[in-house]
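Reader: I would like a close look at a single part of this model, namely the empty space enclosed inside it. Please start there and then move outward to whatever backbone features you consider worth setting beside it.

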Amino acid sequence: MFDSHVIRICGKVQGVGFRPFIWQLAERMQLRGEVCNDSAGVEIRLFQPGDIDAFIAQVKRDCPPLARIDSIRFDPFDWQTPPEDFTITPSRQSQMDTQVAPDAATCPECLKEITRRGDRRFGYAFTNCTHCGPRFTLIRAMPYDRPSTSMAEFMLCPECQREYQNPADRRFHAQPVACPDCGPQVRATRQNGETRVQGNAALSYAVAALQAGEIVAIKGLGGFHLACDATQQNAVMRLRERKNRPSKPLAVMLPDIGWLAQCSDDSPQFALRELLSSPAAPIVLTAKSVTSPLCAAVSPELDEVGLMLPFTPLHHLLMQACGTPLVMTSGNAAGRAPVLNNDDALRQLGKIADVFLLHNRDIVQRADDSLVRVTPQGTEVLRRARGFVPDALPLPAGFNTQPPVLALGGDLKNTFCLVRGNQAILSAHFGSLADGDIARQQQQAMEHFRQLYECTPVAIARDAHPAYVSHVQAESHGIRVVDVFHHHAHLAACLAENGWPLDGGKVIGLALDGLGYGIPAGKTGALWGGECLQVDYLHCEHLGGLPAVALPGGDRAAREPWRNLLAQWQAFVPGWQSLHESRVLDEHPWLPLSKAIAAGVNSPLASSCGRLFDAVAAALGCAPAQLSWEGEAACRLEALAHRAEGISHPVTLPLRHTSGGIFLDLATFWQQWLAWQAPPAARAFAFHDALAQGFAALARFHCARTGIRTVALGGGVLHNRLLRQRLHHHLSPLRVLMPQNVPAGDGGLALGQAVVACARLQFSSFISASVSASVSTSLSKQ
């Protein structure tokens with residue numbers, strides 16, 4: 001019997017340099033034993049370590065930059081044969097309980113190597129180490145070892161093998177480690193296949209094409225980009241025309257951080273620099289600079305632009321050679337899923353790209369670029385993907401360890417969520433499941449998650465809307481199905497992200513979005529989008545919100561803002577035809593549509609906040625007749641409002657008490673708003689402020705009535721930064737819970753569905769146990 005211990009560490013501890021870190025620490029402390037990966041995390045066996053607490057304290061304090069420790073447990077251990085030194089041993093298989101690391105942007109040391117002449121990795125596009133490089137996008141199975149990745153086919157050369165086996169080297173067991181002699185290679189070809197070049201010549205060929213105004217398809221970490229010179233208006237317009245993307249903003253990659261000041265006017269430059277330079281390397285939305293070198297076609301009619309920095313050696317080398325910002329937009333044709341392999345890229349993007357910059361390392365998992373924004377409350381995640389996924393989210397207190405649950409999310413901006421133990425793993429962004437290619441990618445990813453994490457869900461959570469693809473999808477799994485109302489899920493996601501305990505009680509919630517299935521009104525569900533609710537994880541009670549208004553033409557109302565303006569005026573503005581402002585509808589066929597609204601023909605009622613934004617944008621003339629992307633009218637309206645931010649105005653949205661709840665008085669709003677003769681920017685701001693005041697007043701009323709002091713916010717409209725700020729201002733001094741690390745819109749829906757389903761399963765188990773105990777007690781007394 002020896003005085004020894006086995007230490008088990010769970011968390012993000014594989015593929016991040018954790019074992020060599022432990023080896024180096026043990027060497028410094030002159031300890032004997034071993035460390036290995038297994039499917040539960042990292043296991044350390046120490047022989048007579050002396051002060052075990054001091055060792056664990058150093059592990060917590062000095063762990064690698066990409067690592068995150070969730071738990072440490074140690075127990076006595078008996079050695080059959082005492083070790084002579086400290087070693088790193090091969091991985092062991094056991095029940096999966098570790099976390100897969102997200103892909104990480106190129107670290108400073110690797111960047112030095114690829115730019116240092118004479119270095120053996122000079123100019124090599126796949127340089128990485130334990131502190132950076134691909135992780136999630138190349139993992140096929142766990143434990144995370146090279147044979148279980150898309151690097152398995154690349155045999156290490158002697159030099160790379162020495163690095164890989166040396167615990168003192170930062171490339172020790174860096175699974176994607178490679179060099180020009182043994183690793184993946186870049187090649188370039190034209191769309192017609194006539195030109196084919198390899199290696200550095202391929203990079204040079206792509207650079208020349210970009211500088212000449214051509215479009216280049218670039219294979220990256222988790223997908224392809226379509227790139228062109230962001231300073232050339234003709235090149236950007238050519239990309240828009242070929243991709244059929246007339247006005248949706250395009251992300252821009254800067255050559256280096258020095259370009260930020262030229263392209264951004266945002267004052268929190270330090271926060272922006274930190275985000276852009278972080279291992280996640282997301283796209284960051286920032287205010288446009290008035291003197292920006294970026295052409296107007298990058299983000300027309302908007303006051304923000306999405307910027308990012310190179311995040312792989314390939315992108316660094318490309319950007320350094322180009323020396324100018326490049327548009328980097330998703331590599332897919334209109335209405336198709338992003339392509340993931342070379343053959344699909346050449347076939348599907350052949351009519352868009354002039355040149356293809358390819359490589360021969362497989363992309364195992366899709367991961368789009370993440371999208372974030374700096375706000376006064378902190379970083380707001382709008383799209384959670386590369387660099388963040390699949391980091392696990394801890395479930396709040398009270399959620400017991402339970403069998404796995406899968407939540408399918410919504411049909412737009414789809415993500416799914418897998419709950420295992422006391423953690424939720426949110427997938428990367430997929431997009432619209434109405435696209436069959438995207439639905440297939442989502443199905444493949446769900447199967448990959450089940451295999452990767454070695455868990456089979458016992459229940460599946462879905463949106464309650466019976467027409468959703470994800471709703472129908474759930475039936476095929478053959479397990480228990482839990483229906484969750486759309487806006488309950490939005491608010492539950494906000495509660496979960498903010499650590500609201502399972503027994504924390506109810507909150508007042510404001511759920512603001514385009515459209516979602518609400519609590520049934522009669523035989524069918526209500527269409528909601530601007531609601532005040534009283535919720536916890538188990539319950540959802542409707543308290544009021546926006547009144548329901550017709551959606552003329554059904555789904556067409558979401559694409560043609562003028563239809564919503566007509567519906568609003570017909571409902572709340574008597575005699576609107578005689579108003580001067582009514583001229584904005586003259587160019588549209590409003591008369592037959594007006595009759596259809598009156599007759600209730602193809603005009604379902606919905607309390608949509610998103611459609612109210614569309615109506616106001618149409619009234620101010622800042623919305624196109626036909627939207628080319630979701631949220632276009634609302635984003636233009638917000639950009640207009642920022643020009644007059646903070647002005648005083650006479651517009652209000654008062655409360656109207658009815659037998660069915662308390663609703664915002666849109667009749668008063670329209671009367672005041674139309675009567676106020678002010679510049680368009682002032683009226684745009686007045687709308688945002690009045691809407692925030694109205695919803696804040698509604699929430700405060702119910703807080704006073706119930707004694708609740710916490711308000712939770714959710715729904716895609718909350719991505720409007722001006723509305724978020726005004727709501728936060730008008731809700732003071734109440735405690736306000738806002739989505740930050742999980743998208744407020746449908747990208748966070750799956751998390752909310754998952755925690756609601758878990759709460760119900762826990763509650764039903766508790767009831768079953770209580771009934772069983774009661775029956776047993778009764779029988780024992782007989």
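**The largest cavity and its surroundings**

Author: In this predicted model, the largest cavity has a lining of 19 residues, and those nearest its centre are Ala125, Leu221, Thr312, Pro313 and Arg361. The space inside the largest cavity comes to about 150 Å³, and the structure as a whole holds six cavities of 30 Å³ or more. Rolling a probe the size of a water molecule over the atoms is what shows where such empty space is left. Helix H9, which covers residues 313–322, gives the most to the lining of the largest cavity, contributing three residues. Sorted by class, this lining is made up of nine nonpolar, eight polar and two charged residues.

Turning from the cavity to the sheet, one finds an open arrangement of six strands in the order S17-S20-S19-S18-S21-S22, with mixed pairing. Strand S17 (392–394) and strand S22 (480–484) stand at its edges, and because each has a single partner strand, one side of each is left without a neighbour in the sheet. On average, and with direction ignored, neighbouring strands of this sheet are turned by 25 degrees against each other. The partner of S17 is strand S20 (residues 423–426), to which S17 is joined by three bridges in an antiparallel run; within this pair, Ala392 has Ile425 of S20 as its bridge partner.

The backbone leading towards that edge strand deserves attention as well. Pro390 lies in the loop between strand S16 (378–383) and S17, and the peptide bond joining Val389 and Pro390 is cis, with omega about 10 degrees. A second cis peptide bond joins Ser732 and Pro733, again with omega about 10 degrees, and Pro733 is found in the loop between helix H20 (721–731) and strand S31 (735–737). Most peptide bonds are trans, and most residues other than glycine have a negative phi.

With regard to phi, two further residues can be set side by side. His173, in the loop between helix H4 (158–165) and strand S6 (186–190), has a positive phi near 50 degrees, while Ala281, in the loop between helix H8 (269–276) and strand S11 (283–287), has a positive phi near 45 degrees. As for their surroundings, His173 counts as partly exposed because its relative accessibility is 21%, whereas Ala281 is buried, with a relative accessible area of 1%.

Methods
Residues are numbered from 1 along each chain as its sequence is written. This is a predicted model: local features need pLDDT of at least 70, side-chain atom pairs count only at pLDDT 80 or more; totals for chains, interfaces and linings use all residues. Side-chain values use heavy atoms; hydrogens and water are left out. Two strands pair if DSSP finds at least two bridges between them. Helices (H or I, at least four residues) and strands (E, at least two) are DSSP runs, numbered from the N terminus. Axes are lines fitted to C-alpha atoms, for helices over the stretch in contact, and angles run from 0 to 180 degrees between N-to-C directions. On a 1 Å grid over the protein atoms alone, a cavity is a set of points where a 1.4 Å probe fits but cannot get out, and a pocket is an open set with protein on both sides within 12 Å along at least five of seven lines; lining residues have an atom within 4 Å of a point. Grid points are joined across faces, edges and corners, and a volume is the space filled by probe spheres set on the points. Ala, Val, Leu, Ile, Met, Phe, Trp, Tyr, Cys and Pro count as nonpolar, Asp, Glu, Lys and Arg as charged, and the others, Gly among them, as polar. Buried means under 20% relative accessible area, exposed over 50%, partly exposed in between (1.4 Å probe, protein chains only).
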